[in-house]
Amino acid sequence: MAFERINQKDWYKILGAKPSDSPAELKRKYQKLALLEADVAAGEAEERVQRFIEIDQAWKILGNEQTKKEYDLQQREDNLTKEWPLHEQIYLEDMCWNEDEQLYTLSCRCGGNYSVSKSETKDVSLVCCDTCSLVIEILQ
Ligand SMILES: [Zn+2]
């Protein structure tokens with residue numbers, strides 16, 4: 001079952017849960033919240049209803065083993081991208097070819113350099129700056 005990546009929220013946070021919670025724990029947290037919200041939902045402000053819908057959505061995703069797995073995977077990918085501060089994506093042909101050192105280079109905004117040897121470009125797509133923590137992604 002596929003679901004839209006857009007408008008993806010932190011479903012765990014909405015349920016007050018964490019990825020390591022067991023299905024039973026997730027369910028308990030959902031039910032507790034759902035009861036709580038359902039209680040006041042009648043005649044309450046729009047945001048209450050909105051909140052109830054969110055809790056329900058969170059449960060639909062986290063309460064199903066398959067969609068939970070997909071969601072966890074997405075979260076991991078997102079975290080991974082966040083760990084690497086991507087400076088920019090650049091095509092190999094836009095980098096400077098350094099004949100002497102047989103390297104493709106690009107100046108970083110910090111004054112340092114990104115460099116990658118011709119042979120490395122075959123299996124490397126992320127290159128770190130030699131002085132700061134920025135990373136560029138090489139598109140082939
Ligand atoms: Zn740099």
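This report walks through the sheets, cores and a few single residues of a predicted model.

## Ground rules

Since the model is predicted, local features need pLDDT of at least 70 and side-chain atom pairs count only at pLDDT 80 or more, while totals for chains, interfaces and linings use all residues. Residue numbers start from 1 along each chain, as its sequence is written.

Helices (H or I, at least four residues) and strands (E, at least two) are DSSP runs, numbered from the N terminus. Two strands count as paired if DSSP finds at least two bridges between them.

## The β2-β3-β4 sheet

One open sheet has three strands in the order β2-β3-β4, and the pairing is antiparallel. β2 (96-98) and β4 (113-117) sit at the edges with a single partner strand each, so one side of each has no neighbour in the sheet. On average, neighbouring strands here are turned by 30 degrees against each other, direction ignored. For that angle, axes are lines fitted to C-alpha atoms (for helices, over the stretch in contact), and angles run from 0 to 180 degrees between N-to-C directions.

Strand β3 (residues 103-107) and β4 run antiparallel and are joined by five bridges. L103 is opposite S117 in β4, and L106 is opposite Y114 in β4. Five residues lie between the strands in the hairpin of β3 and β4, and G111 takes a positive phi near 100 degrees there.

Side chains alternate along β4: Y114 and V116 point to one face and are buried, whereas N113, S115 and S117 point to the other and are not. Buried here means 20 or more other C-beta atoms within 10 Å of the residue's own; exposed means 12 or fewer, partly exposed is in between, and C-beta atoms are placed from the backbone.

## An odd phi at Q102

What is the phi of Q102 near? Phi of Q102 is near 55 degrees, a positive value in a residue other than glycine. As a general matter, most residues other than glycine have a negative phi. Q102 is found in the loop between β2 and β3. With 10 other C-beta atoms within 10 Å, Q102 is exposed.

## The β1-β6-β5 sheet

Another open sheet of three strands has the order β1-β6-β5, this one with mixed pairing. β1 and β5 are at the edges, each with a single partner strand, so one side of each is left without a neighbour in the sheet. Neighbouring strands of this sheet are turned by 30 degrees against each other on average, again ignoring direction.

Five bridges link β1 and β6 in the parallel sense. E88 has I136 as its bridge partner in β6, and Q89 stands opposite E137 in β6. On the β5 side, strand β5 (residues 126-128) pairs with β6 in the antiparallel sense over three bridges. L126 stands opposite E137 in β6, and the hairpin formed by β5 and β6 has six residues between them.

Strand β6 (residues 135-139) also has alternating side chains: I136 and I138 point to one face and are buried, while V135, E137 and L139 point to the other and are not. Y91 lies in strand β1 (residues 86-91) and counts as exposed, with 9 C-beta neighbours inside 10 Å. C-alpha to C-alpha, Y91 and L139 are 4.8 Å apart in space, though 48 residues apart in sequence.

## Two nonpolar cores

Which residues touch the most other members of the largest nonpolar core? They are W11, L15, Y30, I55, A58, W59 and L62, out of 14 residues in that core. A nonpolar core is a set of buried Ala, Val, Leu, Ile, Met, Phe, Trp, Tyr and Cys residues joined through C-beta atoms within 7 Å. At least two residues of this core come from each of α1 (11-15), α2 (23-41) and α3 (46-62), with α3 giving the most, five residues.

Apart from it lies another core, of eight residues, and Y104, V127, I136 and I138 are among them.

## A34 in helix α2

A34 belongs to helix α2. A34 has 16 other C-beta atoms within 10 Å and is partly exposed. The C-alpha atoms of A34 and R51 are separated by 9.5 Å, with the two residues 17 apart along the chain.
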